[in-house]
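This report concerns the aromatic rings of a single protein chain and the charged groups placed over them. The sequence and structure are shown first.

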Amino acid sequence: MLISPARRLRGSLQLPGDKSLSHRHILRAALVEGRSGLINLPDSLDVRASLGAVEALGVGISHADGRVWLNSPGLEGWRQPVAAIDCGNSGTTARLLLGLLAGSRLDVELRGDESLSRRPMARVAEPLRRMGARIDLAGDGLPLRVRGARLEGICFDLPVPSAQLKSAVLLAGLLASGETRVRETLPCRDHTERLLGLNSEVVAFASQGRAGIVREWIVSGRDLPRRAWSDIRLPADPSTAAFYVVATLLMDEGELVLPEVLINPFRRDYLDELLEWGGLLELEEIPGEGFCGPTFCGLEGCNPGEQCPIAEPVANLRVRAGLPLSARSLSGRRLPRLIDEIPALAVAAMRSDTPFEVADAAELRLKESDRLHGLVELLRAFGGQVEERADGFRLEAPAVITAARFDARGDHRLAMAAAVLALAADGESEILGLESAAVSHPAFLEDLRTLLV
Ligand code: S3P
C-alpha cells in the first residue's frame, strides 16, 4: 500500500464499538439463555473469532435491525464442539474463553494463528489449574486442550497487570464453588468487573519489601449472569480512535470529531497524556447515559435519565490539528492504562520537541508481535533516533519525517501506526501488511481517506 503525505484532516467519524467490551459482551450473551442484541459490534477479525467460538458452542448468530443477535441455550446447554475452536489472532478470545471452558462440561481444543500460538497461555493456565482446571499445554502457547472440571475458588495475586489474565480467573470464578478473589497491585482495565457488577474490597498488602493498598475483586456463582440483554450499544473503541486522534494532531490544519468514545478510566490515559503534550483535545462527556450511549438499554435497574448500573463512561471527542507537541516520559503504573496506545503515542512523539522515553513496557513484547521491537524499527525507518531497551525505548524525533518502506509484520496496531506516520512523511511511503488492520478495524484506511480533504 502506497501512502502519500497529507496536510489536512477534517470531519466526523463514528467508530465501531470497543473490542474489549465486544468480546466480553459476546461471552456474557453466550452464558445466559435467550436472545441478546448488540449494537455497533465491530466487524473485525478478533470479534469474529469470539462470535465463531460461541457459535461452535451452540449459540445462534444473526444480523437484523442494526444489531448482532446471539441466541444462546445458556451455559448448561452449550454443546460439545465438533472441531477445535479457532481463536485466530485474538488473545482476548482465547484467554477469556479458557476461563469459562475450564468450568464447563466440555472437552475443547483451542487453536490460534501463528502469532497467537506464540503468545503466553501458561500464565492463565496456572491459576486455573489451582482452581482444579484440567488444561493440557504443549509449550506455553496454543494449541491447548481444556477438559471441563469442578472448580474451587482461590485467592490470586495478579503477577502481571493483564486484564485478560484477570478476566479469565474472574470468569472461571463464576463457575467455581466458593469465592474467588483476585488482587491487583497494578490496576488494569476493569470491563469484566463492571459488566458482572462485581464487588471489591480495598486491602492492605505487604510482600517482598513492598507495601500498599490494593483492590481485591470478589466473584462467586452468585454473580453468574442470568438474564439476556438486548439493545446494548457499544461505545467507540478508544484504542482505534487513538490512530485518528494522532493523525489529526500531526496535520497542519483540520479538526476531527469522534462521537461516543469509551473513556473508561483505564482506557483514556493516552488522551490525558496528549493534552499534557500540548495537543488540543476536548472531551464532552455524555452525562447520565453511561455505557448505553444515547440509547436507553432497558436493563433491569437502568432507569431513563439515571446512570446505567453497568455504566462505562462515554464522551464525544474533538481534536484540532496544528499545535506543537512536547512528549513526556512514561513509566510505572501508567503503563497498563495505555499499553495499547504506545504505538500511536510514539507516532505523535515523532513531531515532539522533547524526547519520548518509555519504560516498564516489557509486556509490549508479548502482543500480536514483539511490538516493542517492531515499533522501534518503525520509528527508525521514518527517521527517528531510537534506543531500544529491554522494557522500553527512547525516541528523539527527526527534523523531518522521511518517507519509508515498512512491513507491519501482521500486527494491526503497527500497521495503523505506520499508515499514520506515512501521512506526516516528506514523500510517498510503502506499508506492507496494512490489511492486518482488519484485526481491530477493517475500514481503517477507508475511514482515514474520507477524512483527508
Ligand atoms: C485486553 C487486555 C490487554 C490489551 C488487549 C485487550 C482485554 O492485554 O493489550 O488489547 O480486552 O482484556 P493483556 O491482558 O495481555 O495485558
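The sections below describe ring pairs and then charges over rings in this predicted model.

## The pair Tyr 244 and Phe 444

The model contains 3 aromatic pairs. Tyr 244 and Phe 444 form one of them, with a tilted arrangement: the centres are 5.5 Å apart and the planes meet at 55 degrees. This pair connects distant parts of the chain, since Tyr 244 belongs to helix H8 (residues 238–250) and Phe 444 to helix H14 (residues 444–451), 200 residues apart.

Both partners are shielded from solvent by the computed criterion. Tyr 244 has a relative accessible area of 0% and is therefore buried; Phe 444, at 1%, is likewise buried.

## The cluster around Phe 356 and Phe 393

Phe 356 and Phe 393 make an edge-to-face pair, at 5.8 Å centre to centre with 75 degrees between the planes. Phe 356 is located in strand S18 (residues 356–358) and Phe 393 in strand S20 (residues 392–396), so the pair ties together parts 37 residues apart in sequence.

Phe 356 is buried, its relative accessible area being 0%. Phe 393 is also buried, with a value of 0%. Ring pairs join these two residues and Trp 277 into a cluster.

## Charges over tryptophan rings

Two arginine residues are placed over tryptophan rings. The charged end of Arg 35 sits over the ring of Trp 69, at 4.0 Å from the ring centre. Arg 215 lies over the face of Trp 217, where the distance to the ring centre is 5.9 Å.

Terms used. Residues are numbered from 1 along each chain as its sequence is written. This is a predicted model: local features need pLDDT of at least 70, side-chain atom pairs count only at pLDDT 80 or more; totals for chains, interfaces and linings use all residues. Side-chain values use heavy atoms; hydrogens and water are left out. Rings of Phe, Tyr and Trp (its six-membered ring) pair if their centres lie within 6.5 Å; planes under 30 degrees apart count as stacked, over 60 as edge-to-face and the rest as tilted. Helices (H or I, at least four residues) and strands (E, at least two) are DSSP runs, numbered from the N terminus. Buried means under 20% relative accessible area, exposed over 50%, partly exposed in between (1.4 Å probe, protein chains only). A charge sits over a ring if NZ of Lys or CZ of Arg is within 6 Å of the ring centre and within 35 degrees of the ring normal.
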